[in-house]
Amino acid sequence: QVQLVESGGGLVQAGGSLRLSCAASGRTFNTMGWFRQAPGKEREFVATITLSGRSTYNTHSVEGRFTISRDNAKNTMYLQMNSLKPEDTAIYYCAAAKNPFRTNIDDSDFWGQGTQVTVSS
């Protein structure tokens with residue numbers, strides 16, 4: 001049974017840092033990623049990473065502040081978030097593509113339950 005479990009969210013002041021983790025179980029995924037959804041807004045792509053470590057980012061929103069990484073031996077993905085801003089407040093979701101040949105993730109793939117990140121001004 002596939003599970004994606006996020007952790008590491010919380011409340012932080014603007015300018016602070018958090019590191020999110022996503023522990024996968026049941027299988028290994030090629031493409032994994034982070035998405036976020038703020039209240040009243042649509043879900044937004046944050047970043048993805050492949051088994052080989054190739055990463056892509058939503059450069060408009062997180063460039064230079066967030067870093068995605070993974071530990072393949074632990075089947076765990078991370079999101080290091082620095083210089084956090086109030087507009088980063090959202091539920092952050094971990095996701096993984098079912099098809100190992102795809103580099104994008106959509107609603108049909110595996111999703112975690114989300115972890116809340118709140119950035120106070």
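A pocket is an open set of grid points, on a 1 Å grid over the protein atoms alone, with protein on both sides within 12 Å along at least five of seven lines, and its lining residues are those that have an atom within 4 Å of a point. With that in hand, the predicted model can be described from its largest pocket outwards.

The largest pocket holds about 210 Å³ of space. Its lining comprises 14 residues, and those nearest the centre are Arg36, Lys41, Glu44, Ser61 and Glu87. What is the make-up of this lining by class? Charged residues account for 8 of the lining positions, polar residues for 4 and nonpolar residues for 2. Two elements, E4 and helix H1 (59-62), each contribute at least two residues to the lining of the largest pocket.

Two of the residues nearest the pocket centre, Arg36 and Glu44, also belong to the charged pairs of the model. Side chains of opposite charge can pair when their charged atoms come close. In total, 6 salt bridges are found in the structure. One of them joins Glu44 to Arg36, with 2.6 Å between the closest N and O atoms. The two partners differ in their surroundings: Glu44 is partly exposed because its relative accessibility is 24%, whereas Arg36 counts as buried because its relative accessible area is 6%, under the 20% limit.

Which acidic side chain besides Glu44 does Arg36 meet in a salt bridge? The side chain of Asp88 does so, at an N to O distance of 2.9 Å. This contact connects distant parts of the chain, as Arg36 sits in strand E4 (residues 32-37) and Asp88 in the loop between strand E8 (76-81) and strand E9 (90-96), with their positions 52 residues apart in number. Both Arg36 and Asp88 are buried. Through shared partners, salt bridges tie Arg36, Glu44, Arg65 and Asp88 into one network. Another of the salt bridges links Asp106 and Arg102, whose closest N and O atoms are 3.4 Å apart. Asp106 is partly exposed because its relative accessibility is 31%, which falls between the limits of 20% and 50%.

The strands can be followed next. Strand E1 (residues 3-7) runs antiparallel to strand E3 (residues 18-25), and 5 bridges join the pair. In this pairing, Gln3 lies opposite Ser25 of E3. Strand E3 also pairs with E8, again in the antiparallel sense, through 6 bridges. Arg19 has Gln80 in E8 as its bridge partner.

Strand E3 is also tied to another strand by a covalent link. How many disulfides does a search of the whole structure find? There is 1 disulfide, and it joins Cys22 to Cys94 with an S to S distance of 1.9 Å. The angle about the S-S bond is -55°, and the link of Cys22 and Cys94 is left-handed. Distant parts of the chain are brought together by this pair, since Cys22 belongs to strand E3 and Cys94 to strand E9, 72 residues apart. Are these cysteines buried or exposed? Cys22 and Cys94 are both buried.

Two backbone positions deserve a friendly second look. Most residues other than glycine have a negative phi, and most peptide bonds are trans. Asn75, however, has a positive phi near 55°. This residue lies in the loop between strand E7 (66-71) and E8. Asn75 is buried because its relative accessible area is 13%, under the 20% limit. Ser83 likewise shows a positive phi, of about 50°, without being a glycine. The loop between E8 and E9 is where Ser83 is placed. With a relative accessible area of 42%, Ser83 is partly exposed.

A last position of interest is Val46, which is part of strand E5 (residues 44-49). Val46 is buried, its relative accessible area being 0%. Val46 and Met32 are 14 residues apart along the chain, and 11 Å separates their C-alpha atoms.

How values were computed
Residues numbered from 1 in each chain as written. Predicted model: local features only at pLDDT ≥ 70, side-chain atom pairs only at ≥ 80, totals over all residues. Heavy atoms only, no water. Salt bridge = Lys/Arg side-chain N within 4 Å of Asp/Glu carboxyl O. Buried < 20%, exposed > 50% of the residue type's maximum accessible area, 1.4 Å probe, protein only. Helix = DSSP H or I, 4+ residues; strand = E, 2+ residues; numbered from the N terminus. 1 Å grid on protein atoms, 1.4 Å probe; cavity = no way out; pocket = protein on both sides within 12 Å on 5 of 7 lines; lining within 4 Å. Points joined across faces, edges and corners; volume = space filled by probe spheres on them. Nonpolar A, V, L, I, M, F, W, Y, C, P; charged D, E, K, R; others polar. Pairing = 2+ DSSP bridges. Disulfide = S-S within 2.5 Å.
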